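Here's a quick walk through one protein model, with an eye on backbone oddities, cysteines and overall shape. Have a look at the structure first, then read on.

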Amino acid sequence: MTLKHGESFAVSGPDGELGGGSQGFFHRDTRHLSFLCLRLNGARPMQLSAGLQADNSVLTADLTNPALPDNGFGAPLGRGQLHLRRTRFLWGGTWHERLAIRNFSGAPCRLRLEFHFAADFADLFEVRGRRRALHGEHHRPDFKDNGVHLSYTGLDGIRRQTALCFDPPPRLLEAQRAVHELVLGANGRTTLFLSVRCGEGQELPPRRGFGVALHQSRAARHLSNAKLARVDSNDTLLNAVLRRSVADLSMLVTDTPHGPYPYAGTPWYSTPFGRDALITAWQTLWLDPGLAHGVLHFLAAHQAREVNAENDAEPGKILHEMRQGEMALLGEIPFRHYYGSVDSTPLFIMLAGAYLDRTGDTDTLQGLWPHIEAALGWIDQHGDSDGDGFVEYLRKTPNGLVNQGWKDSHDAIFHDDGSIAEGPIALVELQAYVHAAWLAAARIARALGQATRAIQLETRATELQERFDAAFWDAELGSYVLALDGRKRPCRIRSSNAGHALFGGIARPDRAAQMVRALLEPDAFCGWGIRTVTSRAARFNPMSYHNGSVWPHDNALIAEGFARYGYRQAAMQVFSGLLGAAGHDPAHRLPELFCGFRRRQGEGPTLYPVACSPQAWAAGTPIALLGVCLGLRFDPARRTILLDSPLLPPSVDHLALHNLQLGGGRADILLRRGGNGVQMEVLEQTGGVQVRMLPAA
């Protein structure tokens with residue numbers, strides 16, 4: 001069970017216990033609480049039920065007592081006589097917990113309720129399995145304010161602190177235990193509160209703090225949700241999947257000084273990632289362009305300014321990953337500010353262009369233009385290391401990632417005989433992103449009055465498209481190859497990466513039909529989605545991370561490519577497969593990835609055991625796919641929302657879009673399935689916004 005707010009997240013069992021392993025309360029990549037258990041007269045309470053609220057904000061666990069030999073008054077206490085309700089949420093770097101207890105036994109009882117706790121202050125990468133030879137100093141506990149302060153000074157010189165506070169004060173408080181003595185009458189009840197704060201600072205007493213923080217968190221979610229478009233349809237599954245996506249994104253988005261930013265996923269990727277955030281913001285542009293605004297400004301602020309081989313930094317390059325733990329600050333891992341993704345930089349430019357298309361906000365683009373030019377400069381000066389006209393990667397530090405595209409596992413890029421490709425490696429999707437980035441930068445340049453620069457960028461995109469087709473197209477595969485290795489040998493693998501050539505618009509139009517067919521053949525499309533590589537590939541393994549699995553975000557980008565070239569029904573096939581997969585999840589959630597086994601009647605997809613769930617770009621996938629199938633486009637200059645040849649999922653007869661915003665105005669739209677396709681009714685328009693539907697060609 002996972003909770004997250006801001007820089008903090010907690011992973012516990014469903015009953016709320018922290019039992020070691022990978023569980024804990026983490027803040028800025030450090031585990032501030034590694035163990036927490038509740039004991040009732042020495043026994044562990046039994047779980048009745050547990051769950052998260054629909055918006056992921058609050059964990060509630062209902063517990064009861066096992067049979068106890070003594071109720072404190074000389075009589076046994078039978079099983080199931082006490083009800084304990086544990087309510088927990090995170091807010092502002094603090095864990096807030098309320099424990100409500102009620103006695104249904106019909107007789108008074110005396111209870112000894114104990115909290116056992118520990119804080120190991122382990123770095124997140126230690127929790128994931130990295131070993132460290134040296135550690136800092138754990139300090140003696142400090143007892144104050146009805147609680148205990150546990151602290152540790154790392155080798156980086158930073159003192160990290162966990163403050164546990166109890167309300168009412170416990171009868172006994174020790175370094176790792178708090179003991180409450182309670183007497184409950186027949187049908188009596190009582191409530192206890194616990195707060196766990198990371199770091200220094202004053203805080204309200206736990207009882208009052210719980211109520212104040214809960215009110216603040218609800219108000220913040222209400223304010224955030226008011227900015228979003230909403231979707232309602234007759235299909236309960238689609239509604240549930242979209243609600244889950246919005247709730248997961250709301251939890252993962254963190255407020256930064258530069259605006260909202262989606263952290264990549266819990267538990268291991270609850271931190272800024274460049275590629276993940278850029279794609280998530282792209283997926284949700286039609287729903288809320290404010291997220292793209294925050295992502296662009298955050299990444300611009302952290303853009304590399306100098307060459308540093310230790311973290312793969314080069315001037316103009318966009319961040320891959322950012323960490324704040326002790327190991328990162330000491331350089332034991334290179335991820336404090338790590339730039340080892342080759343595609344974040346063109347994706348940054350692409351998102352900037354898409355944000356302009358969605359909003360017409362030239363003021364923001366004017367401010368970002370120096371960062372866009374720096375990113376273009378990186379593509380020119382550092383991206384093409386061997387001068388062959390393609391952008392490639394080769395890591396600069398042995399501690400960095402071997403592969404630096406989105407498929408970044410060590411064995412993800414290989415030849416048709418299964419041998420691993422050696423760099424520098426030019427990925428198929430990377431060339432598509434560069435092509436799209438140059439065209440996006442050209443649109444921005446024109447909007448800013450730089451027509452000459454726009455023509456130059458457009459010319460470069462056209463030239464790249466011609467070189468790309470000559471070098472990457474493989475007629476026998478009926479697809480673009482996965483990559484070119486360091487010797488310019490093609491990796492003759494039919495992969496999902498090639499679908500990104502459609503997404504980025506670099507694919508020749510006459511290649512599109514063959515590519516769509518190839519990606520939807522049974523060796524590629526397993527019924528739930530398109531596999532990362534086909535079942536004929538030498539390294540195919542449906543249980544692998546990148547060599548046969550299905551990634552929702554990958555499928556969303558491919559589906560957008562299908563629609564871009566006019567194959568909207570093919571995009572709908574992908575959408576339907578992923579909706580079916582989400583329907584088999586109890587929370588109606590798409591995980592980071594799942595195994596690529598063939599779909600079987602009456603069974604759900606096979607889960608990948610350590611997939612992040614929720615993960616930002618998986619949560620954004622249903623939102624993106626709906627926008628693609630509805631053909632949603634925006635014309636800010638004419639204050640017009642366009643629906644280009646919209647399709648409704650087969651299970652949907654009517655679908656309403658509410659609060660669809662453009663330039664200070666908004667519209668509510670109803671789409672219905674009719675005899676001649678989809679019919680549209682505009683329910684409401686404000687602020688001069690117009691809505692047009694373009695019929696199918």
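## Backbone quirks, cysteines and the big picture

At 16% relative accessibility, serine 645 falls under the 20% cut-off, so this residue counts as buried. Keep in mind that we're looking at a predicted model. Serine 645 sits in the loop between β30 (640-644) and β31 (654-662), and its phi is positive, about 50 degrees, even though the residue is not a glycine.

Histidine 588 is another non-glycine residue with a positive phi, this one near 60 degrees. You'll find histidine 588 in the loop between α14 and α15. Is histidine 588 buried or partly exposed? Its relative accessibility is 26%, so histidine 588 counts as partly exposed.

The loop between α14 (568-583) and α15 (616-630) also holds proline 614. The peptide bond leading into that proline, from serine 613, is cis. There's a cis bond from aspartate 167 to proline 168 as well, and proline 168 belongs to the loop between β15 (159-167) and β16 (172-173). Here are the two cis bonds side by side:

| Cis peptide bond | Omega |
|---|---|
| aspartate 167 to proline 168 | near 5 degrees |
| serine 613 to proline 614 | near 10 degrees |

Now for the cysteines. How many disulfides are there? The count comes to zero. Cysteine 198, for one, is in no disulfide: the nearest cysteine sulfur belongs to cysteine 165 and is 14 Å away. Cysteine 198 is buried, with a relative accessibility of 10%. Why does cysteine 612 have no bond to cysteine 595? The sulfur of cysteine 595 is the closest cysteine sulfur to that of cysteine 612, but the two are 15 Å apart, which is too far for a bond. Cysteine 612 is buried too, at a relative accessible area of 1%.

Zooming out, the protein chain has 15 helices and 34 strands. Its radius of gyration is 27 Å, which agrees with the value near 26 Å that a compact globule of 697 residues would have. Along the principal axes, the C-alpha trace spans about 85 × 65 × 50 Å. Buried residues account for 58% of the 697 in the chain. Of the contacts between residues at least 6 apart in sequence, 64% join residues at least 24 apart.

As for the surface, the chain exposes about 26800 Å², with 50% of that supplied by carbon and sulfur atoms. The charges number 71 positive and 71 negative, and their mean positions are 5 Å apart.

Methods: Residues are numbered from 1 along each chain as its sequence is written. This is a predicted model: local features need pLDDT of at least 70, side-chain atom pairs count only at pLDDT 80 or more; totals for chains, interfaces and linings use all residues. Side-chain values use heavy atoms; hydrogens and water are left out. A disulfide is a pair of cysteine sulfur atoms within 2.5 Å. Buried means under 20% relative accessible area, exposed over 50%, partly exposed in between (1.4 Å probe, protein chains only). Helices (H or I, at least four residues) and strands (E, at least two) are DSSP runs, numbered from the N terminus. The radius of gyration is taken over C-alpha atoms; the globule rule is 2.2 Å times the number of residues to the power 0.38. Contact means heavy atoms within 4.5 Å. Accessible areas come from the Shrake-Rupley method with a 1.4 Å probe; for residues, only the protein chains shown count as cover. Lys and Arg count as positive and Asp and Glu as negative; His and the chain ends are not counted. The place of a charge is taken as NZ of Lys, CZ of Arg, CG of Asp or CD of Glu.
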